[in-house]
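Dear colleague,

I am passing on the structure we spoke about, and my notes on it follow below. Please read them with the model open beside you.

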Amino acid sequence: MPRTLVLDGPRRLRLSEQPSRPLQPGEVRLRARLSGISHGTELSLYRGTSAFSDKVFDRGLRAFVAPPAGSASAYPVTLGYEMVSEVVEIGSGVTAVKVGDLVHTGTPHQEETVLDVAASLQATYPLVVLPTAERLERALFVSLAAVALQAVHDAEIKLGDAVSVHGLGAIGLLAIQMCRLEGIQNVLGVDPDPHRRKLAAGFGATYVLDPADPHPLGLRIRELNEGRGVDVAIEVSGSDRGLQGALAAAGLGGTVVAAGFYQGGAANVRLGEEFHHNRLSLIASVGAWGAPHRHAPLWDRRRVLDTATRLLYTDRVSVDGMLDRTFRFDAAPAGYRWLDEHPQGAVKIALVYGDRSG
């Protein structure tokens, strides 16, 4: 029987067998090839630090609330939203895909997925048919490229702006490249990890900086940007220190786009400093949980995902060197344990399925 990865509680993962079932009209069966592990959303759930560990998000109220009386906590839960699969069977009435197609879906880590195609095309991460099987690892980054694209859109960057990107994981490295496509004057990448800074420089960052340097980050950025703070600072590290660095980097009247998935409090954020004195605009960037694009209906999730895919598959943005490590699906618990212990040890790790080498 095909297996699904299930999280029973903080750091308690298991592989659960799930019986296959016949397809209903409009459904397809997918066989997993690769799936990416999220360093933010998934790792926080794995560690038990996520806001979802003891609360639920009420979409009607648009607020976090305590779970209904008598209901269970967030666990057990499936993980994953970066799945690359092959279509192996289609139900009646399906025309959007055919057997043999390779697709990206925002579905959990599992060997087999039965998917309602019409529902998936309207999902936060709608089904995307991949244009080629070549360099399949590119498809792992479709969801993350959509997050980066959403952040760049929310920033409303103008030709000639100066931009800093704080956090050079996969999303930050993709955002660096998207900013270069927009014709940005200066793109500054900020991350404590030298390997990630080297990747950012290779992807076109004008300057790369270590936030741990004793000389204040905001002053260093101004020295590299003609004495001014940046027009836009994009924060994708999910760290309150990273957010404070972005606030310090932005110039008078600048914009800070917070695209990281922050956990707990924010003891390192100092709102009485640059945020207040430079009259900054702080914008939360998210395309999930029913939040529409700021330019809807012109832009919807379908268009965001299609654009992200096109950027990846025309090599306008590159993922070369980002996939550092893979684990076989059988060893998924070990993969999460490794990432938990070495969060800076890889830009991206993935699970491989079937007879693919890991």
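Two strands are taken here as paired if DSSP finds at least two bridges between them, and please keep in mind that this is a predicted model.

With that definition in hand, strand E1 (residues 3–9) and E2 pair in the antiparallel sense over 6 bridges, and within this pairing Arg3 stands opposite Glu17 in E2. These strands belong to an open sheet of 3 strands, which has the order E2-E1-E6 and antiparallel pairing. Strand E2 (12–17) and strand E6 (77–78) stand at the edges, and because each has a single partner strand, one side of each is left without a neighbour in the sheet.

Turning to the interior, the largest nonpolar core has 56 residues, of which Ile157, Leu174, Ile234, Leu312 and Met322 touch the most other members. The elements that give two or more residues to this core include helix H4 (170–181), helix H5 (194–202), helix H9 (301–313) and strand E18 (348–352), while the largest share, 10 residues, comes from H3. A second, separate core of 23 residues includes Leu5, Tyr46, Phe329 and Leu339.

Which residues does Met322 touch, not counting those up to four places away in sequence? They are Phe141, Ala170, Leu173, Leu174, Gln177, Phe203, Val347 and Lys348. Phe141 itself lies in the loop between strand E10 (128–129) and H3, and it counts as buried because its relative accessible area is 0%, where the cut-off for buried is under 20%. Leaving aside neighbours within four places in sequence, Phe141 is in contact with Ala170, Leu174, Leu312, Val319, Met322, Leu323 and Lys348. As for Ser285, which lies 144 residues from Phe141 along the chain, the C-alpha atoms of the two are separated by 18 Å.

Finally, there is the second largest pocket, in which about 190 Å³ of space lies. This pocket is lined by 18 residues, and those nearest its centre are Asp161, Gly229, Val230, Asp231 and Val232. Strand E14 (230–235) and strand E15 (250–258) are the elements that give two or more residues to the lining, with the largest share, 5 residues, coming from E15. By character, the lining residues of this second largest pocket divide into 5 nonpolar, 8 polar and 5 charged. E14 is also among the elements that give two or more residues to the largest nonpolar core, and you may wish to look at this strand in both settings.

With best wishes

Key
Residues are numbered from 1 along each chain as its sequence is written. This is a predicted model: local features need pLDDT of at least 70, side-chain atom pairs count only at pLDDT 80 or more; totals for chains, interfaces and linings use all residues. Side-chain values use heavy atoms; hydrogens and water are left out. Helices (H or I, at least four residues) and strands (E, at least two) are DSSP runs, numbered from the N terminus. On a 1 Å grid over the protein atoms alone, a cavity is a set of points where a 1.4 Å probe fits but cannot get out, and a pocket is an open set with protein on both sides within 12 Å along at least five of seven lines; lining residues have an atom within 4 Å of a point. Grid points are joined across faces, edges and corners, and a volume is the space filled by probe spheres set on the points. Ala, Val, Leu, Ile, Met, Phe, Trp, Tyr, Cys and Pro count as nonpolar, Asp, Glu, Lys and Arg as charged, and the others, Gly among them, as polar. A nonpolar core is a set of buried Ala, Val, Leu, Ile, Met, Phe, Trp, Tyr and Cys residues joined through side-chain atoms within 4.5 Å. Buried means under 20% relative accessible area, exposed over 50%, partly exposed in between (1.4 Å probe, protein chains only). Contact means heavy atoms within 4.5 Å.
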